[in-house]
Amino acid sequence: MAFIRWEPFREMEILRRQMDQVFSELTAAERGNSEISSSPRTAWVPAVELSDNGSELLLRVEIPGVEAKDLDVQVTQDAVSIAGEHRYEKHSQSNAKVHSEFRYGNFTRVIPLPTKVQNQQVKADLKDGILILTLPKLEQQSKVFKVNLGQSQSPTASIEAGNGNAQPSITSQ
């Protein structure tokens, strides 16, 4: 029977090399220097900043190099969807070597909102690579309705809602 010598440090070194290879591939994909960067799972998404100013929400989206014609912004009462494309600029020198860390390609980002907004009154501004959306909040109106229970021929029970104390009153006709 042959003995196999176990070398734990050698196995750890192999594992370390494999992990280094995985991380270097991911880093190259993030920089756009690999075939992996064209895969949809490594697509970039713009950074966002959402602030609440009392009566409105202010959403700032960082999209340098993206033109307004390449953006599709859709707003519902609960979320904002931003889709677009950062296009690659072709250079006239065909033999020049280029080292680029820019991110190109399509992106989509959906930002859930903490409160409902008036999606028909959104204001947008694109300046210096920052998209600024001003989202007015939807005002919560608490209207009081009188509810009549019963039919027209029988006694009518009505409940009035006012200050939170509901007092049923039954009237007969």
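How many bridges join β6 to β7, and do these strands run parallel or antiparallel? Five bridges join β6 to β7, and the two strands run antiparallel; strands are taken here as DSSP runs of E with at least two residues, helices as DSSP runs of H or I with at least four residues, both numbered from the N terminus, and two strands are said to pair if DSSP finds at least two bridges between them. The structure is a predicted model, in which local features need pLDDT of at least 70 and side-chain atom pairs count only at pLDDT 80 or more, whereas totals for chains, interfaces and linings use all residues. Residues are numbered from 1 along each chain as its sequence is written, and side-chain values use heavy atoms, with hydrogens and water left out.

The protein contains one helix and 10 strands, and the helix precedes the strands in the pattern α-β-β-β-β-β-β-β-β-β-β. Of its 173 residues, 17% count as buried, where buried means under 20% relative accessible area, exposed means over 50%, and partly exposed lies in between (1.4 Å probe, protein chains only). The protein exposes about 14,000 Å², of which carbon and sulfur atoms supply 51%; accessible areas come from the Shrake-Rupley method with a 1.4 Å probe, and for residues only the protein chains shown count as cover. Among the contacts (heavy atoms within 4.5 Å) with a separation of 6 or more, 47% are accounted for by residues 24 or more positions apart.

An open sheet is formed by four strands in the order β1-β2-β7-β6, with antiparallel pairing. Its edge strands, each pairing on one side only, are β1 (47-52) and β6, and the twist averages 15 degrees from one strand to the next, the axes being lines fitted to C-alpha atoms, for helices over the stretch in contact, and the angles running from 0 to 180 degrees between N-to-C directions. At one edge, six bridges join β1 to β2 in an antiparallel arrangement, and A47 has E62 of β2 as its bridge partner. At the other edge, L126 stands opposite L131 in β7, while β6 is hardly covered, the count of buried residues among its five residues being zero.

The hairpin of β6 and β7 has two residues between the strands, and D128 takes a positive phi near 55 degrees there. G129 is also placed in the loop between β6 (123-127) and β7, and G129 counts as buried because its relative accessibility is 19%. Although G129 and P64 are 65 residues apart along the chain, their C-alpha atoms are separated by 3.9 Å; apart from neighbours within four places in sequence, G129 is in contact with V61, E62, I63 and P64. A further buried loop residue is D70, at 11% relative accessibility, which is placed between β2 and β3 and, with neighbours within four places again left aside, is in contact with A83, G84, E85 and R87.

The largest nonpolar core has 17 residues, and those with the most contacts inside it are L59, I63, V80, I82, F107 and L135; such a core is a set of buried Ala, Val, Leu, Ile, Met, Phe, Trp, Tyr and Cys residues joined through side-chain atoms within 4.5 Å. Two or more residues are given to this core by each of β2 (56-62), β3 (71-75), β4 (79-86), β5 (105-112) and β7 (130-136). Beyond its neighbours within four places in sequence, L135 is in contact with E56, L57, L59, V75, V80, L113, V117 and V122.

Seven salt bridges are found in the whole structure, each defined as a side-chain nitrogen of Lys or Arg within 4 Å of a carboxyl oxygen of Asp or Glu. D52 forms one with K137, the closest N and O atoms being 2.8 Å apart, and this pair links distant parts of the chain, since D52 lies in strand β1 and K137 in the loop between β7 and β8 (147-149), 85 residues apart. D52 counts as partly exposed at 46% relative accessibility, whereas K137 counts as buried at 19%. Elsewhere, E13, R16, R17 and D20 are joined into one network by salt bridges that share partners. Within this network, R17 meets E13 at 3.4 Å, N to O, and D20 meets R16 at 2.6 Å, N to O. R17 and E13 are separated by about one helical turn because they are four residues apart in helix α1 (residues 8-31). R17 counts as exposed at 54% relative accessibility, and E13 as partly exposed at 29%.
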